[in-house]
Each structure stands twice: as structure tokens, then as C-alpha cells.
Amino acid sequence: MVKLQSRIPEGPLAEKWSNYKSNQNLVNPANKRKLDVIVIGTGLAGAAAAASMAEMGFKVKSFCYQDSSRRAHSIAAQGGINAAKNYQNDGDSTYRLFYDTIKGGDYRSREANVYRLAEVSNDIIDQCVAQGVPFAREYGGTLDNRSFGGALVSRTFYARGQTGQQLLLGAYQALSRQVKKGNVEMYPRMEMYNLVMVDGKARGIIARDVITGKLERYSAHSVVLASGGYGNVYFLSTMAMGANVSAIWQCYKKGAIFGNPSFIQIHPTCIPVHGEDQSKLTLMSESLRNDGRIWVPKKKEDALKLQKGEIGGVDIPEEDRDYYLERRYPAFGNLVPRDVASRAAKERCDAGYGVNSTGLAVFLDFKDAIKRLGKDVIEAKYGNLFQMYEKITDDNPYKNPMMIYPAIHYNMGGMWVDYELHTTIPGLFATGESNFSDHGANRLGASALMQGLADGYFVLPYTIQNYLADEINTPRFKTDIPEFDTAEKEVQDQLEKLMDVKGTMSVDTLHKKLGKIMWEGVGMARNKEGLKKAIEEIAKLKEEFWFHVNIPGELNDLNQELQKASRLADFIELGALMARDALHREESCGGHFREEFQTGEGEALRNDKDFTYVAAWEYKGDDKEPAMHKEVLNFEYIEVKQRNYK
Amino acid sequence: MNLNLKLKVWRQRDPNTRGKFVNYQLKNISTDSSFLEMLDVLNEELITKGEEPVIYDHDCREGICGACGLYINGRPHGPDSLITVCQLHMRKFKNGDTIVIEPWRARAFPVIRDLMVDRNAFDKLIQEGGYVSVNTGSAPDANGIPVKKEKAELSMDAAACIGCGACVAACKNASAMLFVGAKISHLTLLPQGKVEARDRVLDMVTKMDELGFGSCTNTGACEAECPKGIKLTNIARLNREYYTALV
């Protein structure tokens with residue numbers, strides 16, 4: 001029986017992290033050299049953690065599936081990173097950032113973790129500036145800020161529309177420095193396929209060399225997951241094509257608990273789907289909502305004309321436009337949190353007011369901002385985003401309003417971790433998007449970069465020592481022990497089984513089927529019937545997959561179809577768990593919207609009495625139902641309220 | 001309007017096997033599709049026929065990770081400016097077009113298979129000093145390091161490099177001067193990067209030669225094909241920094 005212990009330190013909220021650091025175990029410099037840590041993934045969390053631990057003196061092995069660690073998908077984050085610096089003198093503080101994040105997460109995250117996140121946010125900005133991240137500046141040379149959804153202050157630091165890229169390059173460069181010094185061994189194009197446990201502890205991994213197809217063994221004193229998000233379970237998402245759940249899924253199957261798997265973020269401002277062959281969706285940064293106004297026509301006949309392509313957005317006069325976010329949420333207007341903005345767009349489109357040929361798009365209009373600030377200012381602020389939009393859609397957003405629609409973007413759910421980012425498997429840690437910890441049921445914009453770097457630079461390198469301090473007498477060990485044999489054989493068998501199917505359907509065809517089931521049943525709006533149906537359909541799809549998947553090429557060779565098939569096998573199982581999780585949670589909170597549970601005005605209706613907990617799922621075997629455990633959330637420092645952005 | 005196309009795709013088993021162009025026909029490609037979505041359609045057809053799909057690198061498909069890089073009709077990232085292959089759309093082609101698709105060709109980027117190349121040399125260049133040596137936790141307050149706005153903007157222009165390798169592929173000498181110049185500029189323009197400026201430029205230039213990248217003859221093909229619009233002035237700044245470091 002798994003017992004969930006959150007290990008939140010004693011003491012007042014604001015002192016917990018310093019108390020923890022003052023009292024935790026540390027590893028002395030001579031011993032650090034003797035300890036190996038494996039880090040899976042080189043995004044913000046992984047690269048920052050690997051670099052920081054290497055600087056401290058640990059020996060790090062860093063893995064990524066891409067050809068270079070610089071390409072991890074953190075690179076695609078556009079808008080910015082939050083910090084409670086209060087440089088704008090607008091009343092920001094650690095408490096306010098903490099409060100906004102808890103509220104934004106719809107009161108489904110852990111107070112102590114979120115407070116620590118807000119606390120270290122300022123250190124992140126300092127660190128990144130020292131590394132040479134070229135953040136936007138004021139004329140006096142100080143740092144500039146902008147606003148993001150769910151906040152009444154300007155606390156978002158940014159580097160044009162490429163903040164994620166610049167932060168990731170900072171971490172990548174720090175990592176490169178440690179590679180040069182010999183403290184980090186890089187393993188690009190190397191994908192984790194299994195976790196190796198020795199005496200109940202995480203002790204290594206089985207990885208597959210993407211180029212040769214060979215399975216390889218790596219041992220360490222601890223394994224850190226920083227493998228990112230699993231949005232590709234929906235096929236279409238803003239995730240990178242290779243982003244997958246497999247690393248954490250193997251750990252789940254080895255006993256690590258999975259927290260809130262169904263908590264998915266749907267980003268309101270993405271370029272709408274164009275057709276059947278579409279492979280991925282492109283985000284338009286939330287920062288655009290600083291100056292862009294979102295609307296649909298007031299009259300249905302105008303919407304119909306737009307859908308038929310008879311008129312354009314510019315043809316509709318001001319008085320016939322429905323700025324529905326400003327109408328419904330006057331206090332936050334276009335800057336309501338993502339879940340609220342996404343649902344409002346869906347509501348208007350479902351009611352027949354969509355503005356493109358599929359009826360699944362709303363306008364994001366810069367007309368007023370261009371009039372107020374001039375085209376040059378808008379270009380300086382958002383030029384690269386406008387260019388990207390034009391290249392993809394062949395439409396000029398300076399002249400015509402952009403068309404946008406919500407898309408799968410981020411998962412709040414992930415590996416369950418305690419305050420130390422420790423999973424329920426000793427020696428196995430999870431950071432960044434791969435853990436469930438800080439965003440509750442909805443993540444605020446510009447908080448993913450903050451959390452990834454907080455975990456990577458400032459949290460994990462400390463907390464992992466509390467574990468490693470007890471491992472200093474464990475010598476480095478070889479990988480020719482039975483535990484590695486078994487773990488490798490598991491992978492070998494699974495891959496052979498996949499190759500042996502020799503069916504007739506391509507991996508993508510099956511993946512698109514899964515995506516459709518997930519989007520319809522476990523998407524933006526969920527209900528009991530739909531979720532039950534999704535669970536049945538996923539079970540059928542699983543059979544279909546193992547009967548019909550067609551993988552050309554060889555097992556022990558570069559084989560991109562085999563890579564994709566192996567990931568899809570895990571996605572299918574994850575999909576079932578997500579549906580199950582969404583079905584059990586009979587309330588609406590954040591990104592999880594159950595149609596049966598809404599207010600008269602169509603807002604999410606939480607049920608705090610019965611659901612103020614993290615749903616923590618335990619794997620029980622392929623043919624058995626997973627067991628659910630509860631981590632009850634206690635709010636001592638925040639009054640739990642109905643979220644209100646009006 | 002949908003397109004019927006003829007493709008000539010470079011197929012090469014491994015670095016040591018001779019490659020060759022293979023012809024394929026594609027029908028009914030939507031002009032709204034991206035170039036990589038068109039290749040997805042090709043691969044889907046190949047898989048259905050039991051043939052091996054064309055291997056190429058790609059990941060973010062929004063023009064920022066730098067993974068995709070194909071030589072299309074003689075141009076890195078194809079016939080459009082300021083984009084990567086994943087952002088190239090089929091509306092840039094006409095019905096009946098023949099499209100020639102090749103990998104990057106440079107000594108420092110050996111072909112792994114088909115259109116996939118090994119760009120590890122770029123990582124090795126950054127490891128040679130493309131960073132500021134600051135350990136986590138030792139930074140002063142962010143606003144304690146003021147940076148002139150114009151300098152910050154110029155630095156950002158250079159830092160926008162995505163490491164795709166188009167500059168090397170476009171260059172007749174397969175030179176990495178624009179890539180290295182961009183990193184030197186990004187860091188040297190900021191006060192944080194000045195401390196190590198001398199060692200950085202000497203080490204990176206030495207490494208560049210060692211890795212088999214060619215010399216720069218200022219033809220500017222790199223700037224013309226850079227998907228992020230990195231300017232040739234960064235090479236001028238690299239040269240200046242290099243000669244200053246030598247004296």
C-alpha cells in the first residue's frame with residue numbers, strides 16, 4: 001500500500017524553504033565526485049538541473065532524444081517568465097505571485113510548493129541575466145515587464161517572443177560549460193525506455209540509441225526525470241513532434257504514482273486547424289492578449305457570411321462586434337486565465353458564432369492597439385509572432401484580425417512528487433512539466449518557464465542531496481547485474497512484439513484515431529457519458545493497435561516509425577488513465593471542465609467538500625484497474641474561494 | 001487548389017554508402033499544408049507500400065528548435081525567406097513542380113541517413129566558450145547589471161540563432177562564421193559577456209577550424225539564407241573581436 005507523504009517542512013509558510021535548507025542533509029565536495037546522477041531531458045528543468053548539479057561537483061549523465069540538447073521544446077515558449085521582482089512598483093510581492101498561482105490553479109495545488117516557487121522566482125531572473133539572457137530593457141537599461149493572464153500586475157520578463165529560447169540557451173550554455181569541464185556526459189539522440197531498480201531504489205535506465213537502434217545500460221545513484229509534457233496524446237497539440245510520455249510512463253509502471261493525469265491546459269490562442277494532413281498546432285503567445293482584443297460577431301448572419309468567406313472581419317462595424325471576454329469579465333477582460341478564455345471561445349463557436357470556414361475560430365484584433373500605439377510599436381513588440389502568423393496562414397494580421405482557436409498546450413498533471421520533488425520510488429525525482437506539483441488544475445501564463453527553472457536551478461539540486469547524503473557509501477556499480485538484464489529484456493520483448501505485429505495501419509493513422517477520441521471525450525468539455533465512451537474506445541483502439549500497426553524497417557537500426565509506435569503504445573495507456581481520472585472527478589476545476597458541474601453563468605463549479613485533493617494513481621498491472629490514492633490539500637494561508645475574474 | 005508534384009529525394013543508407021536521388025510522385029497535396037506535412041504524406045504512402053520512409057530531423061514544427069534543415073531546390077529551407085522548412089508552406093509551389101530535396105552538405109555535418117545529418121560540431125563550438133561562466137546562485141540582482149537598450153536589442157538579434165546550420169549549408173566553403181559570429185556578438189555586446197571575451201573568441205575560432213568548417217570569403221550566402229535574419233555584421237564583429245584578442 002502506497003502512502004503519500006508530502007513532506008512539507010514545519011514552520012510558517014514564508015519560512016518553510018529556508019528552514020528546510022538549513023536542516024537538510026548535504027553532501028560534502030569530496031563525496032559529490034563519487035555520486036552519479038542521470039537526468040532525462042534537456043529542457044529548462046533538465047538542463048538547469050544537470051548544469052547546477054555538475055557545478056556543485058556531482059557527475060551527471062544528461063539524455064535527450066533530440067540531436068542536440070539545445071532543441072528541447074522549452075525553446076518554443078514565447079511570451080515570458082514570471083517573477084515577483086516588483087520592478088514596476090505596482091504592488092507585486094512573493095505572496096501575491098503565490099496567491100495568483102494558487103487561485104489561477106483553481107485551488108488544486110500544494111501551498112508550500114507554490115510559495116517556494118514564488119520565493120525563488122526572483123533568483124531565476126538574477127541567474128538568467130548573469131548568464132547573458134538578453135531580456136527586453138527600458139531605455140535606462142533596467143529590465144522591462146509585461147502582463148500575462150490571471151494577474152493584476154506586470155511581472156512577466158521577456159525576450160521578444162522568444163523567451164523560452166533565450167532561457168533555454170542560457171541553461172544549454174551553462175550545461176555546455178560543464179560538458180567541457182568533464183562534469184557532464186551528454187547523450188543526445190538517446191531515448192529512455194525503462195527504469196532500472198535495485199533493492200527498491202532507482203539505479204539506472206535502459207536507453208535506446210536512436211541511430212543504431214541498440215539498447216544501452218546506464219547506472220547512477222539517482223535518476224531525475226525532466227522529460228516534459230504529454231500533450232501529444234491528443235495527436236494535435238502545440239508540443240514538439242517527439243514530445244512523449246514514455247519516460248514517466250515506464251516509471252509509473254514501475255510503481256511511481258501519477259498525479260492528476262487529466263489536468264490538461266488548453267491554450268486559447270493558437271492558429272486554427274487547416275485540414276486532415278495537419279501535423280501540429282502553432283501557438284500565438286498569450287502576450288498578444290496585452291494589446292489584442294478578442295471578439296466574434298454579435299449577429300449570427302455575420303458569422304455565417306464569415307464562415308462562407310463572403311466577408312472578412314474588417315467588414316463588420318464596431319457596434320456589431322461582441323468583445324465577449326470584456327463583456328463577461330470586465331476586471332480582467334482579455335487577460336483572463338487560459339482555461340477561462342478557452343472555454344469562452346468554445347462557448348461562442350458552439351453557439352454558431354465562429355469566424356472561419358470550419359466555424360472553429362474567433363478573432364484576435366489589433367486594430368485599436370495599432371491606432372493607439374502605431375504599427376511600429378506593435379511590430380517591435382510582436383513582430384516575430386505576426387511574421388509567423390503570416391507565413392502559416394498567408395494573411396496579414398496588421399490588416400486583418402488574426403483567427404485563433406484553443407489547442408492542447410501543457411499538462412499540469414504528471415509524476416506525483418513530494419516537497420523534495422521525490423517520486424514514490426526512492427531515488428527517482430521528477431521536475432518541470434513532468435511532475436504534477438505547482439499548477440493545480442490550471443497553469444497561468446509565463447509560469448511554466450518559472451517552474452522549470454525553479455526546479456532545475458534552485459530546488460532539485462538542494463533536495464536531491466537530502467537523498468544522496470545517504471548514498472555516499474554506495475560505490476559506482478557495473479550494469480552487468482540481473483536487474484539490468486531483466487529491465488533490458490522487458491524493453492527488447494516489447495520492441496520485438498511491436499515489430500512482429502506486421503499489420504497494415506501506419507502509426508500516424510492510429511495516433512490520429514487516439515487524438516480524436518481524446519479531443520472529443522477528454523478535451524475542453526467533459527461529461528460522464530463521453531468519458532465512459534472514451535474509455536471503451538481507447539480499449540478498442542489498444543487492441544487495434546496491437547493487431548494492425550505496421551512498422552517498416554529493422555529493430556536494431558535507425559527506425560523513426562518504431563520510435564513513434566513505441567511512444568504511441570504508451571500514449572494509448574495514458575489516455576485511458578486520463579479518462580478515468582477525469583471521470584472520477586465530479587466537479588469542474590481549472591482546465592478540467594465537467595459539463596454537469598457549472599454555474600448558471602457557465603463558469604466552472606468546484607466541489608471543495610469532496611475534491612480538494614490530488615488524485616494519485618497507482619499502476620496495478622496491464623489488465624487491472626489502477627488504484628487511486630488521495631493527497632488531501634490543506635489551505636492554511638489562503639482562503640479558498642470561487643474564482644472570480646469579473 | 002491542390003498540387004500534383006514530382007519529388008527527387010536524396011536517399012543514403014549511411015555515411016559510408018553512396019547516396020542517390022530517388023523519384024517519387026505525389027498527388028493532391030493541399031496548398032495549406034506545410035512542407036513537412038507534404039513529406040508526411042509521402043512517408044505514409046511509402047509505409048503503406050512496405051517501403052522505408054524518408055528519414056529527416058524535425059521536432060517543434062514552429063520554426064524555433066532548429067532541427068529541420070533541408071536543401072530544397074538548391075536553397076537551405078527552400079524558396080521563401082526568413083523561415084525554416086517546417087514553416088515553408090506548399091502554396092509556395094505550383095502544380096506540376098519538380099522539387100529536389102537534399103540534406104545539408106558540409107564536411108563538418110556528415111550525413112547519417114537520407115536527409116538527416118550530424119550537427120554535433122555546433123555543440124562542440126558552444127562548449128568551447130559560448131557561455132558566461134557563472135555558477136547557479138552567485139548572481140547579483142538583475143537590475144544591478146544595467147544594459148543599454150540598443151545593445152540589448154543587438155545582442156538579442158544575434159542570440160536569435162536557432163543552430164539549424166543553414167548558414168553552413170549555404171556557404172560554398174561550409175564556413176561556420178555566421179554561427180560563431182552570432183554567439184560572439186550575443187555575449188560580447190553584453191557587460192556579462194565581456195570578462196571572458198578574449199578567450200572565448202580565440203577558443204571558438206580555433207575549434208571551428210579544427211572541426212573542418214571552411215573559411216569565410218564574405219559572399220553573404222549565410223545571411224541570405226538564415227531563417228532568423230542573422231546579419232553579416234556579426235561576422236565583422238567576430239573578426240574585430242578576434243584581431244583585438246590577438247594583440
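User: How many residues of chain B are in contact with chain A, and what makes two residues a contact?

Analyst: In this predicted model, 66 residues of chain B are in contact with 62 residues of chain A. They are called contacts because two residues qualify when their C-beta atoms, placed from the backbone, lie within 7 Å. Local features need pLDDT of at least 70 in this predicted model, side-chain atom pairs count only at pLDDT 80 or more, and totals for chains, interfaces and linings use all residues. Residues are numbered from 1 along each chain as its sequence is written, while chains are lettered from A and ligands numbered from 1 in the order in which they are written.

User: Which elements of chain B supply at least two residues each to the side that touches chain A?

Analyst: They are α1 (35–48), β6 (111–113), α2 (120–127), α3 (149–159), α5 (177–188) and α6 (191–194) of chain B. The most comes from α1(B), with 7 residues. These names follow DSSP runs, numbered from the N terminus: helices are H or I with at least four residues, and strands are E with at least two.

User: What is the make-up by class of the side of chain B that touches chain A?

Analyst: That side of chain B has 29 nonpolar, 20 polar and 17 charged residues. Here Ala, Val, Leu, Ile, Met, Phe, Trp, Tyr, Cys and Pro count as nonpolar, Asp, Glu, Lys and Arg as charged, and the others, Gly among them, as polar.

User: How do you know what confidence chain B and the model carry?

Analyst: Chain B averages a pLDDT of 97, and 100% of its residues score at least 70, where pLDDT is the predictor's confidence in each residue, from 0 to 100. The model scores ipTM 0.98 and pTM 0.97.

User: Why is α5(B) called mostly covered?

Analyst: A residue is buried if 20 or more other C-beta atoms lie within 10 Å of its own, exposed if 12 or fewer, and partly exposed in between, with C-beta atoms placed from the backbone. In α5(B), 12 of 12 residues are buried, so the helix is called mostly covered. Among them are Met177(B), Phe179(B), Lys183(B) and His186(B). Over chain B, buried residues make up 55% of the 247 residues.

User: How do you know what end-to-end span α5(B) should have?

Analyst: The expected span is 1.5 Å times one less than the number of residues. For the 12 residues of α5(B) this gives 16 Å, and the end C-alpha atoms are 15 Å apart, which agrees.

User: What makes β14(A) a strand with both faces covered?

Analyst: In a regular strand the side chains alternate between the two faces of the sheet. In β14 (residues 362–365) of chain A, Val362(A) and Leu364(A) lie on one side, Phe363(A) and Asp365(A) on the other, and all are buried.

User: Why are β12(A) and β14(A) called paired?

Analyst: Two strands pair if DSSP finds at least two bridges between them. Strand β12 (residues 293–297) of chain A is joined to β14(A) by 3 bridges, so the antiparallel strands meet the definition. One of the bridges places Arg293(A) opposite its partner Asp365(A). Another 3 bridges join β14(A) to the antiparallel β15 (residues 402–411) of chain A, where Phe363(A) has Met403(A) as bridge partner.

User: How do you know where the domains of chain B begin and end?

Analyst: Domain bounds come from an automatic or database domain assignment, which divides chain B into domain 1 (2–112) and domain 2 (120–246). Their C-alpha centres are separated by 29 Å. The contact takes 18 residues from domain 1 of chain B and 16 residues from domain 2 of chain B.
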